[in-house]
Amino acid sequence: MSTTEQRAAVEFAKKWHGRGDEKQETQRFWIELLQDVLGRRNALDETEFEHQTAKGGYIDVLCPNAKFLVEQKSLGIDLDKAEQRQNTQVTPVEQALRYANYLPADQKPTVICTCNFERFRFYDLNADPAAVKPPIEEFTLEELPDHLSIFEQIFAPEHSRIVVQQQLSEKAGVLVANLHNALAAQYIDPDAPQSHHALAVLTVRIVFCLYAEDAGLFNPAGSFTSYVKTFEPTRLRTGILALFDVLNTAYDERDPYLDDQLKLFPYVNGGLFAEQIEVPQFSGEIQTAITDAGDSFDWKDISPVIFGSLMEETLSHDQRRAGGMHYTTVENIHRVIDPLFLDDLKAELSHIETEKVSEPTREKHLRAFQDKIAGLQFLDPACGSGNFLTETFLELRKLENRVLEHLLHHQGIIDFGEGTDAGSLVKVSIAQMHGIEINDFAVSVAKTALWIAQQQALDATESISGQALDHLPLHDAGSIIEANSLRFDWNELLPGTQCDYVMGNPPFIGHISRKSNPSLSEDMKLIWGRDLDIDYVACWYIKAATYLENNTSASFAFVSTNSITQGKQPAIIFPQLISNGWRIKFAHRTFAWNAQSSDTAHVHVVIIGMDQSSDTLSTPVLYQYGSVNSEPVRTPVKHINPYLIETPDCLVISRSNNKGPLSPELQPVYAGSMPNDGKGNLILNNQDEHDEAMSDSIAKKYVRKFLMGDEFINGRDRWCLWMQNAAVGELEQSSFLKRRIEAVRTARLSSSRLSTRENLSQTPQLFGENHQPSVPYVGIPKVFSGNRRWATCARLESKVIAGDMVYTCIDPDGFMFAVIESSMFITWQKTIGGRLKSDYRFSNTVVWNNLPLPQVESGLRESIIQAGQHIEGVRACYPTESLASLYSPLGMHPDLIKVHEALDRLVDKAFGAEKPCHSDEDRLTILFARYAEMTKQE
């Protein structure tokens, strides 16, 4: 633990010395300990207080993810003394252990703590399940600063319930991959559509059997693996087909002469074993893969959410061959579903549980809440393996189980008899979950994941009721269909008037062109009515809004690549949504979507939730990230615009250079020059090539420093041959130049572009496109880091040639440089400009031409120029450092920061700031106000 945490622990101990009431101060004590001392910012979200157990008791403090439970007593209570609890004399640790044993399996703690505000005792239930040994650690409140490591262990990521589930599911994924590959080897052509589908269904069926034998659905335990072992490999296919037939046949319809071993297996129903599929001959490798999976792993504890995604990847030939496993983390799923509906449902149930009403009234409210959540309908129109739907179902069942805890143990409704039908208790159903998925194997996986989730939720309900519930046969199934979501009418699956929430993670495909992908281009045209240069995911927004247009209480939320909130896209995508009454209800600004992939880079995404605007709707919430990998800060705001900032809906439209910059103060910006020279025949890429050119008396006259974005920012040397005004006769005298020029001509003559072949091939000594300024100019990299505080731009002499990854803006006096080096500009860039992953992507038509700088008074303009010169002066003090080094996010030189901040104060004033700006939000308020004024004037 850090010194900061130890100091905080000292202050905490002083504050709580000599005080502590179990009823009044438990929550405050532990929240302050977790938040202020241990630095757990989400302590309120990850901690439950007064959690009711199956037998009617209340757990003082429960951290389910950390698997940690606290039995809290008031100051002065003896932690060794027994008290009367539920007609039994128990000590605090015995009471904590009793509560732990009442919890469902997925909530059982591994560490329990007893505390009386003055003394802490910790017990490890893994090493000491009955908590009969002395505590593993014990200390007083004053000794807390020296014992913080126990909390570090408890809350270590590798010990969390979610991480353990991930690890278990990943191990299961490897076993399924082995099974899948062994099965695939026996198909004549596993890539044939019919065989591909059969292989997926066959794998899913075997996995369900492995789960069923460990989860108690098949009796006795291990019966499926034992059944497989009884066959010789050559006879196993026959045995498996016979088993599938039995699992699909009701008891009263079965063959009365059925083999005794098959009679042990239950009727599963649900359609999992109904379809007749192609099943190849089994091999010894297949039998070994099944028995290894059955003997070496306990399948009942897998996460159906994570495991479903892993199975989808395993069964997808393309992904399997690409290598690596991918799944959407549970944490990321909750970033969508929590603000969309789950936070509100949890708050509603907590209010019912704590409201000061009579017990009959509370029972009425609880039953109404159970009916409410059982009536909700969900649609994921790009559901993949169903992970959003599966996690949603599990969360609804957790809420329902909380309701059942109250109804069963406060209302006295306990005895339901042996083998109680779950339908008499449980109302939330996987039939509430609807999905559309284009891949047939993912459909099979999604249905199976929901069935597994259903069984795990029933296990938790059994822990609450204390009664056995019927798990089989399956009575319902999630409505998951195979279809192209953008061409299928969602109303055929679930009428839009009946849907409450649409959610999901549509494909991360990006921009679609007719040439590169005609089929997806047709999808875009179907939704938008025309070809558009926008992200494919935008189609789901429009389709969801249209689908829900007659259901004003419904809302939707999607994970999207962050490009839809940048550059020119917001002005294309959102006007139709806004004009039809939709508003952004919540949004997560850019963060890295960790897909737990071993072979692909993170995608940078946003999450946008929308509902139909009304004065009665809740306050919008913006989730903002300090960095793309950090935890979000939740901020209620008045309004969220399509750029995901708290300002009115002002959309910035691309503005061509023909029209010129919006600001009368700004010069146009142009792309740099493009060589179009084959494989770098006009470029000198290294020192050897440079030296060779300089050794040629003619060629050396035409060597110029050449900058693309990398050379510009990182200070690397590169040169080009710039022969704009060279006499052809002179060029012919240089063998070095002749060789390079002829190579350019050959390359251009072989081009697929007619203009290159017919026109540019006639002047092979020249760059294909020449946009080089003839006066000093500002060089602006086309792409530059989003982690730096200011832009990495510089003023350059006209003899330095800017390549096509560098934009140019003529700047004889330095005013353009000063503007672009201001915080006002970088704020506009990061908000309006596009991004390449997390890097800024500068655009002259969207960013620069729309920068709303008003007319600047001459005296202030001169001060801004001088402030820019001061920046250049400080940079010159560090001649060996590149722009990347000077503006490193790890730390800048203090004198450079000082002159930049001085410039910021002047530029802020030029944009109309009446007082110093201290944040992006301050500047954005001014920028959008100026933009609205200036475009209105036009």
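## Helix H1

In this predicted model, helix H1 spans residues 3–16, and its 14 residues reach 20 Å from the first C-alpha to the last, which is close to the 20 Å expected at 1.5 Å a residue. Five residues of H1 are buried, namely Glu5, Ala9, Phe12, Ala13 and Trp16. Because these buried residues cover an arc of only 100° around the axis, they lie on the same side of H1.

The face of H1 that is turned away from this buried side carries Thr3, Thr4, Arg7 and Lys14, which are exposed. Part of what covers the buried residues of H1 is helix H2, made of residues 22–37. After H1 comes Gly18, a residue whose phi is positive, near 75°.

## The six-stranded sheet

Six strands form an open sheet with mixed pairing, and their order across the sheet is S1-S2-S3-S6-S7-S8. The edges are held by strand S1 (48–52) and strand S8 (137–140), and each has a single partner strand, so one side of each is left without a neighbour in the sheet. From one strand to the next, the twist averages 25°.

Within this sheet, strand S6 (residues 111–115) and strand S7 (residues 119–124) pair in the antiparallel sense, and five bridges join them. As an example of how residues are matched, the bridge partner of Cys115 is Phe120, which belongs to S7.

## Helices packed on the sheet

Helix H2, which helps to cover the buried residues of H1, also packs on the sheet, where H2 touches S1, strand S2 (58–63), strand S3 (68–72), S6 and S7. The direction of H2 makes about 145° with that of S3.

Helix H4 (residues 92–102) packs on the sheet as well, touching S2, S3, S6 and S7. The direction of H4 makes about 140° with that of S3.

## The chain as a whole

The elements described above belong to a chain that has 32 helices and 30 strands. Of the 938 residues in this chain, 56% are buried. When contacts are counted between residues at least 6 apart in sequence, 70% of them join residues at least 24 apart.

The surface that the chain exposes comes to about 39,700 Å², and carbon and sulfur atoms supply 49% of this area.

Note on methods:
Residues numbered from 1 in each chain as written. Predicted model: local features only at pLDDT ≥ 70, side-chain atom pairs only at ≥ 80, totals over all residues. Heavy atoms only, no water. Helix = DSSP H or I, 4+ residues; strand = E, 2+ residues; numbered from the N terminus. Expected span 1.5 Å × (residues − 1). Buried < 20%, exposed > 50% of the residue type's maximum accessible area, 1.4 Å probe, protein only. Arc of directions from axis to C-beta. Contact = heavy atoms within 4.5 Å. Pairing = 2+ DSSP bridges. Axes fitted to C-alpha atoms, helices over the stretch in contact; angles between N-to-C directions. Areas by Shrake-Rupley, 256 points an atom, 1.4 Å probe, with all protein chains shown as cover.
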